[in-house]
Amino acid sequence: MARKMSRRALIASSAAAAPALAALHETIPHRGLHGALGGHPDAAAAETKGMGGPAGHAPGGVASHDGFGGGTVDHAANGFDPSEILRDFDYGKTSRLSDGRVLREWTIVAQDKEIEVAPGVTYPAWTYNGRIPGPTLRCTEGDRLRIRFINGSQHPHTIHFHGIHPDFMDGMPGIGEGRGGGLIETGEQFVYEFDAEPFGLHLYHCHVMPLTAHIAKGLYGAFIVDPAEPRPDADELVMVMNGFDTDFDGENELYAVNSIAFHYVEEPIKVKRDELVRIYLVNLLEFDQINSFHVHANFFDYYPTGTRLEPTEFTDTIIQGQGQRGVLELRFPYAGKFMFHAHKTEFAELGWLGFFEVVD
Amino acid sequence: MEANTADGSLGSRAPAWALGAIPLALIAVAIGAFALLGGPGLGDRTGPPVEDLAVERTVLHPGEIELTLQNDGPDAVDVAQVSVNDAFVPFAGSGRLDRLGSTTLTIPYPWVEGEGYTITGVTSTGGTFEHEIPVAVETPEADAGFFGLMALLGIYVGVIPVSLGMLWLPFVRRVGAEWLRALIAFTVGLLAFLAVDAGLEGLEIASAAPSAFGGTSLVFIGAAVAYLALAGVDAYLSRRRAAAAARGAAGSAAAYLALLVAIGIGLHNLGEGLAIGSAYASGALALGTFLVVGFAIHNTTEGLAIVAPMATARPSLRRLIALGLLAGAPAILGAWVGAAAFNPSLAALLFGVGVGAILRVIVQLAPSMRDSDGRLLHPGAVGGLVAGLGVIYLTGLLVAG
């Protein structure tokens, strides 16, 4: 396919002075491959999309005020489904070191990929292992971690882990090139190796300049280090709060948890009544200063960064800046449907909104 | 040897139409082959698809916003999602716009009168376009009552003031030749102002029109076509007039000049009606007494322009009424079109037509300004021109409020 080109141009001619003439004329700022026509709705799909408003796939009455006009994202073509990402923890390939410690090994490949981020809207993303967020890497404190990073993208990348490690394992361009690390060029690879510490909920992302672009394009994921003494059994969920600036104007057009706007409106997250639910919540939203999480008709214990086993707060709304994360624990005492969303309502109405469906 | 002169013999044997058609046929074959081979050697465009949309029309009904979009770019555009004031909304209608295609999207939305809205569309490639509704006002239903109202508006601002202005005819008859020349100059000044005004307004509207349909060039095309058409009518009528003069008919030259002025002003009022109608329909215009009075005074001077060339003629009342309607009634038509089906491309073209018509009329009137020495810009004429410009400018201020 043709090389990627992006362009950002908003040439809005001033509308006729008489606003009366109600005519507007703009060049659409846009970018990207016309590969658009590949993995997403054809004209026929576009025809049907608008027709029914809240279509059959949307829970009755909900889409009438929240959500898209219709249509669905082709998760198969995207190669990932937010409903599966929720409970998809990657423990890596494990083995024992001579000293008895656990060694965990992963391979992560940077790939350029068109992602359908909303029904009918594609985005030329950069991904780890073809998905956004990248795989949720999970280990236990004290484990030895080996992450083989292969850069299959057309651009140089790195993986920068939040945690405690030597400088040349930090995924920073300019540091560690002499030892094979630092900036990883297209087609090159590097093995990040360090100990899992401290326990808690962390993250990883690309750290190549321009940093904004490398994060906004999708190069990030959650990184969980379990305490040696495990947390209580629970139904565990990963939620990476993110967004997409589809027209590259430095503002997000779409907001979501695990990339696909309104996904959990269409497919509510099923949880059991009274069962402990643990949410690993990470904010990787670019461009906007803060993000937030609010759950309806319930309260949760909040463990900032998950680095202590005592909650700091019992609340129903928390705020996170970019890179902030925390563990939420709650039980739903009532069966039924309960909304959760960013309590920055603009984000909610632009996609960061979903439902828990609590069943007996 | 004779075969070498095939050039001459071919030309003499084949019918003329065939000789004319051969290049056309070859062009068709070349284009067909070029298209069939997919433009050999040219390859694909190097850049991303060009997405360019114009919002042609916005209609607001209670609980509903309707946008008519026009694809103004070389590539097809797929509007995948729509948000209003930063909240995604469902919509009905196909978001697909082929090259030069248009579509209407209906968005159920609880808009509130007097508030502003920004509608953002996200296309399949992630591009966005924005359309602003500065002040939301319900779009009037295009029913009989509405057309009646628009007709009344057209009569108020077009027919009545022009007809009133024509009542200067007796006065025009009484004044001497010198004053009459000044009056003609006054008319020319007035028309010149209208031409400039209409031209600027046309260009302004055209800047909002899809460039695929010509954009600003529509104004110039309209002006050229109108000018040439009126020149053609002029040539045709003057032959008939010459024949009539030969039969002894008199005074028709003046009546004819008045007819041309009426046509020019009528075309101008068509554009004026268009602007008023569309402004009213989009809620940007209150039909206040002030506005109607302003337009009435402004347009009264146009009536004077029609009768000034007829100082020496004795037109029938029927003829005068016809001239008044010709100059004023297009405002009604303009208001209807403007309110019910405003289209910036059409409006730009019509404004251009108005400009061309007025320019033709000025060319036609100018000789009547000449004094006995044949000078065009004598003191009386200059005074008249300046007065014409000044009066129409000042009365225009009444409308601008």
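I started with chain B and tallied its secondary structure: twelve helices and eight strands. Note to self: this is a predicted model.

Still on chain B, I checked burial. Of its 401 residues, 47% are buried. Then I pulled the contacts between residues at least 6 apart in sequence, and 80% of those join residues at least 24 apart.

Next I moved to chain A and went after a sheet. I found an open one of five strands, ordered S15-S23-S22-S17-S20, and the pairing is mixed. Which strands sit at the edges? In chain A they are S15 (269–272) and S20 (317–321), and each of them pairs on one side only. I also looked up the twist, which averages 25 degrees from one strand to the next.

I zoomed in on the S15 edge. S15(A) pairs with S23(A), residues 353–359, in the parallel sense, and I counted four bridges. For a landmark I picked Ile269(A), whose bridge partner in S23(A) is Phe356(A).

Then I turned to another pair of strands in chain A. S13(A), residues 235–244, and S14(A) run antiparallel, joined by four bridges. Here I noted Met241(A), which stands opposite Val257(A) of S14(A).

Last stop was S14(A) itself, residues 254–257. Are its faces covered or open? I found both covered. Leu254(A) and Ala256(A) lie on one side, Tyr255(A) and Val257(A) on the other, and all four are buried. So I can file Val257(A) twice, as a buried residue of S14(A) and as the one opposite Met241(A).

How values were computed. Residues are numbered from 1 along each chain as its sequence is written. Chains are lettered from A and ligands numbered from 1 in the order in which they are written. This is a predicted model: local features need pLDDT of at least 70, side-chain atom pairs count only at pLDDT 80 or more; totals for chains, interfaces and linings use all residues. Two strands pair if DSSP finds at least two bridges between them. Helices (H or I, at least four residues) and strands (E, at least two) are DSSP runs, numbered from the N terminus. Axes are lines fitted to C-alpha atoms, for helices over the stretch in contact, and angles run from 0 to 180 degrees between N-to-C directions. A residue is buried if 20 or more other C-beta atoms lie within 10 Å of its own, exposed if 12 or fewer, and partly exposed in between; C-beta atoms are placed from the backbone. Two residues are in contact if their C-beta atoms, placed from the backbone, lie within 7 Å.
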